[in-house]
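Morning, everyone. Please bring the model up on your screens, and keep the sequence beside it.

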Amino acid sequence: MKPQTSRSRPAQGDASIPTWLPHFCSAPTLFAVMIVAELVALVVVLAPGMEVRAWLPRLGVVSVYVQWLALLNAVVLCSLRRQLEPLQARSGFLLAWVISVLVTALASAVVCRMDQTLGLQLTIAESSTWRFVFGNSAICALIAAALLRYLFVLEQWRERVRAASKARFEALQARIRPHFLFNSMNTIASLIRTRPAEAERTVEDLADLFRAALGADDALGTLGEELDLVERYLHIEQLRLGERLKVEIDVADLPRDLSVPRLMLQPLIENAVYHGIQPRADGGVVSMSGRRLPGGIEIVVRNPLPPDAPPSRNGVSLANTRARIEYHFGTRGELRVEPGPEIYTVNVRLPETPIR
Amino acid sequence: MNVLIVDDEPLARERLAAMLAEIDDVTVVGEAGNGRDALDALARLRPDVVLLDIRMPVMDGLEAARHLGTLERPPAMIFCTAYEDHALAAFEANAVDYLVKPVRSERLRSALAKARRWTGEHARGVQSALEPGRKRTHLCARVRGSLVLVPVAEIDYLLAEDKYVVVHHAKGEVLIEEPLKALEDEFEGRFVRIHRNCLVALTKLAGLTRAPDGRLLANVEGVTAELEVSRRNLPVLRKLVRTL
């Protein structure tokens with residue numbers, strides 16, 4: 001796409017930067033942390049070997065304690081976010097994990113000591129303080145590793161979905177130049193007054209072009225369909241640009257039933273008109289000629305260059321077409337560009353049968 | 001009210017002309033296919049309003065507007081565009097109006113109504129609203145109330161004299177009221193400074209020669225005038241000439 005039409009937007013906050021550290025202060029993450037904490041509390045209470053009597057009060061005590069630990073960890077990681085964020089994912093991940101284990105160990109020790117001083121006997125006998133601290137830390141180590149990993153993967157997955165939909169939209173925009181759409185509409189509006197039949201045909205051509213552009217996928221079509229599409233496109237452009245656009249097409253020799261990637265030719269012609277004819281006051285000739293080669297075909301598209309042309313033209317749609325030719329034909333298909341001083345030539349060679 | 005239609009697409013011009021014909025006391029005095037032709041026709045047609053397409057070959061609507069803004073009594077400018085251009089945002093405050101294509105008849109009428117209340121002050125604002133990074137394709141001189149355009153590609157050299165800059169080009173010379181430094185900045189890479197008062201087009205620079213009196217002169221293709229190279233600009237110039 002031309003830079004004019006693809007307005008570059010500033011990145012939307014942090015969302016566009018993939019982050020390895022979950023936002024522990026955000027409500028959904030906090031909620032996930034609390035759910036996991038409660039599950040841990042349940043597991044601890046229900047584990048076999050524990051006393052079955054009075055399990056409900058025990059669940060209450062354990063829940064309060066585990067929730068408190070979990071929130072403490074979340075708050076610590078949240079407030080250290082700025083320091084952790086710049087780190088590499090791997091080392092940052094490890095550091096966050098170590099921090100949460102240390103926080104748990106420390107908190108467990110403090111709670112144990114408080115419990116013993118106050119004599120509430122909520123935790124464990126004095127003799128096994130270290131067992132209590134170690135056990136808690138070990139549980140935290142396991143749960144924290146799993147949870148950090150889970151949240152990281154979740155974030156990555158969201159990021160991927162975001163990127164995929166963005167790419168799809170951009171591809172759609174690249175296929176349909178907004179300028180072309182609105183100028184064509186304007187052409188039709190103008191024709192309706194004076195030449196209704198011509199207007200009708202233009203609407204049909206535009207519809208065909210859009211059907212092809214919106215429906216194009218990685219499937220194969222036939223060369224005949226592609227040539228028809230080029231003809232429809234050029235018909236609209238000739239109305240729009242008037243005498244400035246002259247067209248020379250010589251493709252009678254080409255086999256119309258050859259399999260080619262969909263929407264392979266039209267973008268090449270569109271490029272030729274857009275970069276070669278439109279910027280020239282007196283326009284010029286876009287030519288497309290095709291011939292059979294032993295074992296394949298060759299199509300050559302030529303357009304004049306405007307005076308003062310920028311040295312290289314935007315290669316997005318060319319790169320796209322080239323990639324698709326490569327996908328379908330491997331190394332036997334090629335798209336070659338010959339940017340001469342006055343004439344710009346695109347040369348496409350395709351074998352008779354695609355590999356995919 | 002006299003209107004000039006400027007658009008590179010014949011059918012787009014045709015449609016606007018047909019719509020304008022339906023509006024009372026509006027006369028289409030002419031049509032042009034690009035900004036440059038529009039400016040050339042201006043002196044002859046004296047329009048009150050110019051309907052300007054943005055994307056056109058040779059000279060686009062934004063640049064044409066900029067040149068129009070230098071006139072003593074600029075016409076009212078109404079931009080037409082197929083698709084919102086971000087460059088247009090800067091102009092919104094200063095153009096009479098801007099219309100999106102296909103233009104609606106009501107919108108055209110209301111834009112023309114606004115144009116009646118238009119003063120030249122706004123037009124001059126258009127000039128300053130242009131993005132600083134944009135390079136013009138033409139320089140524009142005012143000669144007896146009309147505009148003379150010189151394609152930047154045809155300029156041989158620019159010579160500062162008092163508060164003017166003399167633009168020497170393939171077909172003669174014109175005076176413009178712009179500082180040489182501003183021109184040097186705008187067209188960076190196209191001109192090279194050989195002296196405090198002189199910029200030479202890089203593509204026209206042919207070499208350096210020493211005059212009998214010891215002064216160093218720049219040879220510029222098709223130019224017989226002696227252009228002296230100052231000592232200060234010599235090192236850069238030497239390097240450039242070596243790569244010619």
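In chain B, 54% of the contacts with a separation of 6 or more are between residues 24 or more positions apart. For chain A, that share is 71%. A contact here means two residues whose C-beta atoms, placed from the backbone, lie within 7 Å.

Some ground rules. This is a predicted model, so local features need pLDDT of at least 70 and side-chain atom pairs count only at pLDDT 80 or more, while totals for chains, interfaces and linings use all residues. Residues are numbered from 1 along each chain as its sequence is written, and chains are lettered from A and ligands numbered from 1 in the order in which they are written.

How confident is the predictor? pLDDT is its confidence in each residue, from 0 to 100. Chain B has a mean pLDDT of 85, with 90% of its residues at 70 or more. For the complex, the predictor gives an ipTM of 0.73 and a pTM of 0.64.

Now the parts list. Chain B has eight helices and 15 strands. Chain A has ten helices and seven strands. Helices (H or I, at least four residues) and strands (E, at least two) are DSSP runs, numbered from the N terminus. Of the 244 residues of chain B, 39% are buried. Of the 356 in chain A, 29% are. Buried means 20 or more other C-beta atoms within 10 Å of the residue's own; exposed means 12 or fewer, and partly exposed is in between, with C-beta atoms placed from the backbone.

Next, the sheet in chain B. What is the strand order of this open sheet of five strands? Read it as β2-β1-β3-β4-β5, with parallel pairing. Strands pair if DSSP finds at least two bridges between them. The edge strands, β2 (27-32) and β5 (97-100) of chain B, each pair on one side only. From one strand to the next, the twist averages 20°.

Look at β3 (residues 49-53) and β4 (residues 76-81) of chain B. Five bridges join them, and they run parallel. Leu52(B) has Phe79(B) as its bridge partner in β4(B).

Two helices go with this sheet. Helix α1 (residues 10-21) of chain B packs on it, touching β1 (2-6), β2 and β3 of chain B. Its direction makes about 160° with that of β1(B). Helix α3 (residues 61-68) of chain B lies across β1, β3 and β4 of chain B, at about 150° to β3(B). Axes are lines fitted to C-alpha atoms, for helices over the stretch in contact, and angles run from 0 to 180 degrees between N-to-C directions.

Why is α3(B) described as largely enclosed by the rest of the structure? Because eight of its eight residues are buried. Among them are Glu63(B), Arg66(B) and His67(B). Leu52(B) touches α3(B) residues too, including Gly61(B), Ala64(B) and Ala65(B).

That brings us to the cores. A nonpolar core is a set of buried Ala, Val, Leu, Ile, Met, Phe, Trp, Tyr and Cys residues joined through C-beta atoms within 7 Å. The largest has 99 residues, and Leu52(B) is one of those with the most contacts inside it, as is Ile269(A). Helix α8 (residues 223-241) of chain A gives the most to this core, with nine residues. A second, separate core has 21 residues, including Ala70(A) and Leu77(A).

Where do the chains meet? 19 residues of chain B are in contact with 23 residues of chain A. On the chain B side, α1(B) gives the most, with six residues.

Now a hairpin in chain B. Strands β9 (residues 164-169) and β10 (172-176) pair antiparallel over five bridges. Two residues lie between them. Val165(B) stands opposite Ile176(B). Just after β10(B), in the loop before α7 (180-186), sits Glu177(B). Is Glu177(B) buried or exposed? Exposed, because it has 10 C-beta neighbours inside 10 Å.

Last stop, β7 (residues 343-351) of chain A. Its side chains alternate. Tyr344(A), Val346(A), Val348(A) and Leu350(A) point to one face and are buried. Ile343(A), Thr345(A), Asn347(A), Arg349(A) and Pro351(A) point to the other and are not. Strand β5 (residues 296-304) of chain A joins β7(A) through nine bridges, antiparallel. There, Glu298(A) stands opposite Arg349(A). Strand β6 (residues 334-339) of chain A also pairs antiparallel with β7(A), over six bridges. β6(A) and β7(A) form a hairpin with three residues between them.

Note on methods:
pLDDT is the predictor's confidence in each residue, from 0 to 100. Lists of a residue's contacts leave out its neighbours within four places in sequence.
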